[in-house]
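Colleague: I'm new to reading protein models, and I'd like a close look at one part of this one. Could you walk me through the sheet and what surrounds it?

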Amino acid sequence: MRVAVVTGAAGGIGAAVARAFAAEGYRLVRLDREETDSAPDDLAIACDLADPGAVAVAFETVAARFARLDALVNVAGINHRSPVKEMAVADWDRVMDINVGHMFLTAKHGLPLLAQGEAPAIVNMASISGHVASPDYPAYVTSKAAVESFTWALAQEVGGRGIRVNAVAPGWVDAGFTHAALDGLDDPAPIYAAAREAHLLGRMAKPEEVADAALWLASPAASFVTGQTLFVDGGLMRKH
Ligand SMILES: NC(=O)c1ccc[n+]([C@@H]2O[C@H](COP(=O)([O-])OP(=O)(O)OC[C@H]3O[C@@H](n4cnc5c(N)ncnc54)[C@H](O)[C@@H]3O)[C@@H](O)[C@H]2O)c1
């Protein structure tokens, strides 16, 4: 039996990750500020992942139930649209606290449990936004670059203990943030046309395609892969 913690499991990509891991036979702990459905033998914990005390309590619950962890998949994240000049300090801090800070907190409390697991691995959700600047989202792009730096640092710290740490960097995903942005539009067609143009494969990713990459990185099949970013971007980063 393998046990996985998935953060952001109520979201578009996080829910797909949870489904993929469950289908592979993992027992799941879903962490999100929103309520999530859960199988009877699994755990769903509602908590603010930017709150250090709440994350500590959540991992105490995981330890009491499972006493081990084989995979930690950090998917939770927020977006915030604002130019630097107009951004409130609190908004900048919140993006950093959730998008990067929660990965520090879950690793800090998850590592002792991962040490009890078999072929343990951490997968952090990065983004092509950490590599391609976007003028309206300075906090988001900075946080996503930091996700990768944190991934490399942690991979160095825990490699000697046999714990692998990698990141997945999606392009545009037809779920979650993207759907939230499309909801505010009268006509989503121009966004889908822009996605066809942006990706070599001519479309957005399905959330399941991102989930499958996380599942592979967390699995023993990726046993010699650590400190890497796997771009699941339909070739966006290779487009001129
Ligand atoms: N949708 C995309 O196109 C896309 C592209 C690249 C990367 N990503 C990344 O994928 C991840 C998931 O994005 P998504 O599109 O599924 O968005 P989403 O909004 O559907 O999911 C994010 C989840 O995180 C949870 N969350 C946010 N703040 C939280 C907090 N403080 N405490 C607990 N839970 C919290 C939300 O409740 C939500 O369920 C994010 O890290 C995002 O940066 C998304």
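**The sheet and its surroundings**

Modeller: Happy to! Let's start with a helix: α3 (residues 89-114) lies across β1, β4 (71-74) and β5 (121-125), and α3 runs at about 175° to β4. Please keep in mind that this is a predicted model.

Now to the sheet itself. It is an open sheet of 7 strands, in the order β3-β2-β1-β4-β5-β6-β7, and the pairing is parallel. At the edges you will find β3 (43-46) and β7 (229-232), each of which pairs on one side only. From one strand to the next, the twist averages 15°. As general background, strands of a sheet pair through backbone hydrogen bonds, either parallel or antiparallel.

Let's zoom in on one pair. Strand β1 (residues 3-7) and strand β2 (residues 27-32) pair in the parallel sense over 5 bridges. If you want a spot to look at, find A4, which stands opposite L28 in β2. Another helix packs on the sheet here: α2 (residues 52-66) touches β1, β2 and β3, and the direction of α2 makes about 165° with that of β3.

How does the sheet fit into the whole chain? The protein chain has 7 helices and 7 strands, and along the sequence they follow the pattern β-α-β-β-α-β-α-β-α-β-α-α-α-β. The radius of gyration of the protein chain is 17 Å, close to the 18 Å that the globule rule gives for 240 residues, so the chain is as compact as a globular protein of that length. Its C-alpha atoms fill a box of roughly 50 × 40 × 35 Å along the principal axes.

The chain is also divided into domain 1 (3-170 + 207-232) and domain 2 (174-204). The C-alpha centres of domain 1 and domain 2 lie 24 Å apart, and the contact takes 5 residues from domain 1 and 4 residues from domain 2. On the side of domain 1 that touches domain 2, 2 residues are nonpolar, 3 are polar and none is charged.

Finally, look at the ligand. Of the 26 residues around the ligand, G8, G11, I13, G77 and G176 come nearest. Two elements, α1 (12-23) and α5 (176-183), give two or more residues each to this shell. Both domain 1 and domain 2 contribute at least three residues to the shell. By class, the shell has 14 nonpolar, 8 polar and 4 charged residues.

Terms used. Residues are numbered from 1 along each chain as its sequence is written. This is a predicted model: local features need pLDDT of at least 70, side-chain atom pairs count only at pLDDT 80 or more; totals for chains, interfaces and linings use all residues. A residue is near a molecule or strand if its C-beta atom, placed from the backbone, lies within 6 Å of it. Helices (H or I, at least four residues) and strands (E, at least two) are DSSP runs, numbered from the N terminus. Ala, Val, Leu, Ile, Met, Phe, Trp, Tyr, Cys and Pro count as nonpolar, Asp, Glu, Lys and Arg as charged, and the others, Gly among them, as polar. Domain bounds come from an automatic or database domain assignment. Two strands pair if DSSP finds at least two bridges between them. Axes are lines fitted to C-alpha atoms, for helices over the stretch in contact, and angles run from 0 to 180 degrees between N-to-C directions. Two residues are in contact if their C-beta atoms, placed from the backbone, lie within 7 Å. The radius of gyration is taken over C-alpha atoms; the globule rule is 2.2 Å times the number of residues to the power 0.38.
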